[in-house]
Amino acid sequence: MTLIALSLLFVVILVLFVVAGIIVALLVWGGRRDRGNQRKNLNRSLSSRKIDQFAEKEVTGIERIEIGTANTEVNMAESDAGNLKVHFYGEASAADEKDLPKLVLEASGGVISIRIDAPEQGYSQTKLDLEIPKGYKNPVVVNTASGGISLRNLTLKGLHAGAASGGITAEGLKAEDVSFKTASGSIKVQNIEAGSLVLGTSSGSIHAENVAGPIDAHSASGSVSIKLDSLKGPIKAGSTSGSVDLLLPHDASFKVRAHAVSGSISSGFPFNVAHEPGSKRMEGENGNGEFPVELESVSGSIHLRKKIV
């Protein structure tokens, strides 16, 4: 084959590649335009609509209440009412009333299940308020994918709350077993009386105040702060990346062990800090050393402070 023939063949192949590229680009652009038009048409068809839904259920014979939401803020408090009352409200975008998120309450096998059925399209800004009757004492479990959880003035056997993206706040709780966990969100609790209190977050701070009972609080990325008027149980507190701060009354009876890999250790109690290669440690005993206290931080400081009345 001559040089001219080879050149022509090369040009033909190059032209074919260019044409093919143009065709592919046009197809992709056309597909994006169609999808864009579909989204525009969908957005034109959606409008903001109010949500105001109620549900009520007797709790006699109920052994557990479970709440699960995808994108709703949850508020829960004790009530003098005899029945469990649920109020779902806010606004959402929908083409029609039938397409709005729906409150669903079901009871089976001694369990009340509460959820929100919502379409994938559109947006929503909603809240779910629950009134728990004083007569109900069995466990409650609440989980949200995106939304905060607020818990107030509850007396239960067990209370477990989890948020994938959202914070948890709790005040005035009495329970045998309490656990709050978030993947991304802070945890704040105060005036809690529990046989066991577990607080954990992957990304967020933890603040606990006036807790009676054992405390286990850990954050992977965030500070941990605990302030107590009286010490009534063992404490474990730690952070992988963040400071740990514990305030105890001067007459608290405890035995402390603290370890910081990268960060300082300070104490308002007369305890010595040992400086070791790559870390610092502190041990000490106050009063009769009744309750063990363990504090640890990988990257952050540890502060043990004394409250003077």
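Let me begin with one polar contact: a polar atom of the Ser219 side chain lies 2.7 Å from the backbone oxygen of Gly204. By polar contact I mean a pair of N or O atoms within 3.5 Å; within protein, one must be able to donate a hydrogen and the other to accept it, and residues adjacent in sequence count only if both atoms are side-chain atoms.

Before I continue, please note that this is a predicted model, in which local features need pLDDT of at least 70 and side-chain atom pairs count only at pLDDT 80 or more, while totals for chains, interfaces and linings use all residues. Residues are numbered from 1 along each chain as its sequence is written, and side-chain values use heavy atoms, with hydrogens and water left out.

The protein has 1 helix and 23 strands; these are DSSP runs numbered from the N terminus, with helices being H or I of at least four residues and strands E of at least two. Of its 309 residues, 39% count as buried, where buried means under 20% relative accessible area, exposed over 50%, and partly exposed in between, with a 1.4 Å probe and protein chains only. As for contacts, meaning heavy atoms within 4.5 Å, residues 24 or more positions apart account for 48% of those with a separation of 6 or more.

Returning to Ser219, this residue belongs to strand β14, residues 215-221. Is Ser219 buried or exposed? Ser219 is buried, because its relative accessible area is 3%. Neighbours within four places in sequence aside, Ser219 is in contact with Thr201, Gly204, Ile206, Val224, Gly238, Ser239 and Thr240. Gly204, the partner in the polar contact, is therefore also on this list.

A second side chain that reaches a backbone oxygen is that of Gln53, with Pro101 as the partner at 3.0 Å. Gln53 sits in strand β1, residues 47-57, and counts as buried because its relative accessible area is 18%. Not counting residues up to four places away in sequence, Gln53 touches Val86, His87, Phe88, Pro101, Lys102 and Leu103.

Finally, I turn to backbone geometry. Asn191, in strand β11, residues 187-194, has a positive phi of about 55 degrees although it is not a glycine. Asn191 counts as partly exposed, because its relative accessibility is 37%. Asn210 has a phi near 55 degrees, again a positive value in a residue other than glycine. Asn210 is found in strand β13, residues 206-212, and is partly exposed at 25% relative accessibility.
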